Amino acid sequence: QVRLVESGGGLVQAGGSLRLSCTASGRTFNTYNMGWFRQPPGKEREFVASISGNGGLQYYADFVKGRFTISRDNAKNTVSLQMNSLKPEDTAVYYCAATASSLYSSHRSQYNYWGQGTQVTVSS
């Protein structure tokens, strides 16, 4: 059983940056593709980015391309999301998740494990 814990959320002004981190339990972290999702207030949870087990491949939703970067450090069992040029519409609860399926899995149902979420609020 994989346990995921997010951290790093907070309140920032538009144009600012935040770095989210997710720490995973277990000794098989590198066998999972990892993803970040977000859920804006009153909306459905949506895919943000994913990264392959060895970190060599990344996949991004169109609305964050060029602004967000996903990375992982398997020695520390962590995955991160560097968020730059933040916009008010980026305001959401951000979740990290793990999947044994394809790197290109972008639906919530394809992910096996989820963290509790961390709030990101971007003011204008």
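A residue is called buried here if its relative accessible area is under 20%. By that criterion, both F37 and Y111 are buried. The structure in which they lie is a predicted model, and these two residues offer a convenient point of entry to its aromatic contacts.

The ring centres of F37 and Y111 are 5.0 Å apart and their planes stand at 80 degrees; because planes over 60 degrees apart count as edge-to-face, the pair falls in that class. The two partners come from distant parts of the chain, 74 residues apart: F37 belongs to strand 4, whereas Y111 sits in the loop between strand 9 and strand 10 (113-114). The model contains eight aromatic pairs. Ring pairs join F37 and Y111 with F47, Y59, Y95, Y104 and W114 into a cluster. One member of that cluster, Y95, also has a charged group over its ring, namely the end of R45, 3.7 Å from the ring centre. Elsewhere, R72 lies over the face of F29, at 4.3 Å from the ring centre.

In soluble globular proteins, nonpolar side chains tend to be buried together. The largest nonpolar core of this model has 34 residues, and those with the most contacts inside it are L4, W36, V79, L81, M83 and Y94. Strands 3 (18-24), 4 (33-39), 5 (46-51), 7 (68-73), 8 (78-83), 9 (92-99) and 11 (118-123) each contribute at least two residues to this core. Strand 9 provides the largest share, five residues. The surroundings of L81 illustrate the packing: beyond its neighbours within four places in sequence, L81 is in contact with L18, R19, L20, W36, V48, A49, F68, T69, I70 and Y94.

A covalent link is also present. A search of the whole structure finds one disulfide, which joins C22 to C96 with an S to S distance of 1.9 Å. This disulfide connects distant parts of the chain, as C22 is in strand 3 and C96 in strand 9, 74 residues apart. The angle about the S-S bond is 40 degrees, and the link is right-handed. Both C22 and C96 are buried.

C96 leads in turn to Y113, a residue of strand 10. Beyond its neighbours within four places in sequence, Y113 is in contact with C96, and likewise with Q1, V2, L4, Y32, A97 and A98. Y113 and V2 are 111 residues apart in sequence, yet their C-alpha atoms are 6.4 Å apart in space. Y113 counts as buried because its relative accessibility is 18%.

Definitions and conventions:
Residues are numbered from 1 along each chain as its sequence is written. This is a predicted model: local features need pLDDT of at least 70, side-chain atom pairs count only at pLDDT 80 or more; totals for chains, interfaces and linings use all residues. Side-chain values use heavy atoms; hydrogens and water are left out. A nonpolar core is a set of buried Ala, Val, Leu, Ile, Met, Phe, Trp, Tyr and Cys residues joined through side-chain atoms within 4.5 Å. Buried means under 20% relative accessible area, exposed over 50%, partly exposed in between (1.4 Å probe, protein chains only). Helices (H or I, at least four residues) and strands (E, at least two) are DSSP runs, numbered from the N terminus. Contact means heavy atoms within 4.5 Å. Rings of Phe, Tyr and Trp (its six-membered ring) pair if their centres lie within 6.5 Å; planes under 30 degrees apart count as stacked, over 60 as edge-to-face and the rest as tilted. A charge sits over a ring if NZ of Lys or CZ of Arg is within 6 Å of the ring centre and within 35 degrees of the ring normal. A disulfide is a pair of cysteine sulfur atoms within 2.5 Å.
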